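Subject: A structure for you to explore

Hi there,

Here is the structure I promised to send you. Have a look at it first, and then read on for what turned up in it.

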Amino acid sequence: MQRHLSSRNWDLVINLQGGRIEELSYRKELVLGTFVRKDGKKRNTHVCAPNFNQEGMKEYGLPVHGSPRTIEWQVKVSDKTYFSMFCIVPATDLYKAELYVEQIFELNPDSFKQTVVVENTQGAKVPVNIGIHSYWSTPHGWEGTRLNGYDITKLIQINGQRKLRKSNTIQFPDGRRFRLQTKGYEDVKLWSAPDGKGEYDNMYVCIEPVLSLAHNFFGSKQSFLKEGKSIGVSQEICVL
């Protein structure tokens, strides 16, 4: 189920089961990885669609973070530095539309780009949100991590959030710096798994771009996607 992409600077490992990024490395240094959390779950970067977290679970019967992260994806295009895959989210009695979800990965000389496209291929208009649950590697811990110059340590501890810019700077306490360029994302969720005793996983931090984390966004007029329409978002990681 794995697919490997490689360029001069970047190495990417994708798993078709769940459409996940198992590993992204820049010059052999891990950027996004797979980690065993304090709760015992083995997790890595995945798409959240058509809902983020628990929104839509009661009214539309959607699973947490959506079903694409648990189903098998199909290869669309495969090259050394370009890869795309897709999955189909079937309509149900409560969520009355079939969705086509595609991910596109590009290994550029100075950046890694991930694009997500969701299309309502058949059915009623339905609410759609999109997130990328990114697991960033922090081998020296994440306390003191800064997003656009702001220390996000406390926000990570409370599962907090911030507004995103089109071009963002991430600086980890070990000195590594990245530019995170986004398209279509308004917010970012910040998190690391707690153990309930005041301790957190420190070998990764989740920096998760989300289309919108606004209260009551999911189900609002602006969240609806009509039949035949699509929406696309992307994140691009550059090493500084």
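**Charges and overall build**

The protein chain carries 32 positive and 26 negative side chains, and the centres of these two sets lie 4 Å apart. Please keep in mind as you read that this is a predicted model.

In the protein chain you will find 2 helices and 23 strands. How does its radius of gyration fit with that of a compact globule? With 240 residues, such a globule would come out near 18 Å, and the protein chain has 17 Å, which agrees. If you would like to picture the outline, the C-alpha trace spans about 50 × 40 × 35 Å along its principal axes.

Now for the inside and the outside. Of the 240 residues in the protein chain, 51% are buried. The chain exposes about 11500 Å², and carbon and sulfur atoms supply 46% of that area. Among the contacts with a separation of 6 or more, 59% are between residues 24 or more positions apart.

**Aromatic rings**

The structure holds 12 aromatic pairs. One of them joins Trp142 and Tyr200, edge-to-face, with 6.0 Å from centre to centre and 80 degrees between the planes. Which parts of the chain does this pair tie together? Trp142 sits in the loop between S14 and S15, while Tyr200 belongs to the loop between strand S20 (187–191) and strand S21 (204–210), so the pair links parts that are 58 residues apart in sequence. The two partners are covered as follows: Trp142 is buried, with a relative accessible area of 3%, and Tyr200 counts as partly exposed at 23%.

Phe172 and Phe178 make another edge-to-face pair, at 6.0 Å centre to centre and 75 degrees between the planes. Both Phe172 and Phe178 are buried. There is also an aromatic cluster, formed by Trp10, Tyr26, Phe105 and Phe112.

**Around Gly141**

Next to Trp142 in the numbering comes Gly141, in the loop between strand S14 (135–137) and strand S15 (146–147). Is Gly141 buried or exposed? Its relative accessible area is 14%, and the cut-off for buried is under 20%, so Gly141 is buried. Leaving aside residues up to four places away in sequence, Gly141 touches Pro173 and Asn202. Phe172, which you met above, is 31 residues from Gly141 along the chain, and their C-alpha atoms are separated by 8.3 Å.

**Some backbone details**

Look for the peptide bond from Ala49 to Pro50: this bond is cis, with omega near 5 degrees. Pro50 belongs to the loop between strand S7 (46–48) and helix H1 (57–60). Asn53 is also placed in the loop between S7 and H1. Its phi is near 60 degrees, a positive value in a residue other than glycine. At 32% relative accessibility, Asn53 counts as partly exposed.

Lys28 is not a glycine either, yet Lys28 has a positive phi of about 75 degrees. You can find Lys28 in the loop between strand S3 (20–26) and strand S4 (29–32). Lys28 is exposed, with a relative accessible area of 71%.

**Two more loop residues**

Ser67 has its place in the loop between H1 and strand S8 (74–78). At 19% relative accessibility, Ser67 counts as buried. What does Ser67 touch, not counting residues up to four places away in sequence? The answer is Ala49, from the cis peptide bond, and Val89. Ser67 and Val89 are 22 residues apart in sequence, and their C-alpha atoms are 7.2 Å apart in space.

Finally, there is Gly33, in the loop between S4 and strand S5 (35–36). Gly33 is buried, with a relative accessible area of 0%. Residues up to four places away in sequence aside, Gly33 touches Glu22, Arg43, Asn44, Thr45 and Tyr135. Of these, Thr45 is 12 residues from Gly33 in sequence and 7.4 Å away in space, C-alpha to C-alpha.

Enjoy looking around!

Best wishes

Conventions:
Residues are numbered from 1 along each chain as its sequence is written. This is a predicted model: local features need pLDDT of at least 70, side-chain atom pairs count only at pLDDT 80 or more; totals for chains, interfaces and linings use all residues. Side-chain values use heavy atoms; hydrogens and water are left out. Helices (H or I, at least four residues) and strands (E, at least two) are DSSP runs, numbered from the N terminus. The radius of gyration is taken over C-alpha atoms; the globule rule is 2.2 Å times the number of residues to the power 0.38. Buried means under 20% relative accessible area, exposed over 50%, partly exposed in between (1.4 Å probe, protein chains only). Contact means heavy atoms within 4.5 Å. Accessible areas come from the Shrake-Rupley method with a 1.4 Å probe; for residues, only the protein chains shown count as cover. Lys and Arg count as positive and Asp and Glu as negative; His and the chain ends are not counted. The place of a charge is taken as NZ of Lys, CZ of Arg, CG of Asp or CD of Glu. Rings of Phe, Tyr and Trp (its six-membered ring) pair if their centres lie within 6.5 Å; planes under 30 degrees apart count as stacked, over 60 as edge-to-face and the rest as tilted.
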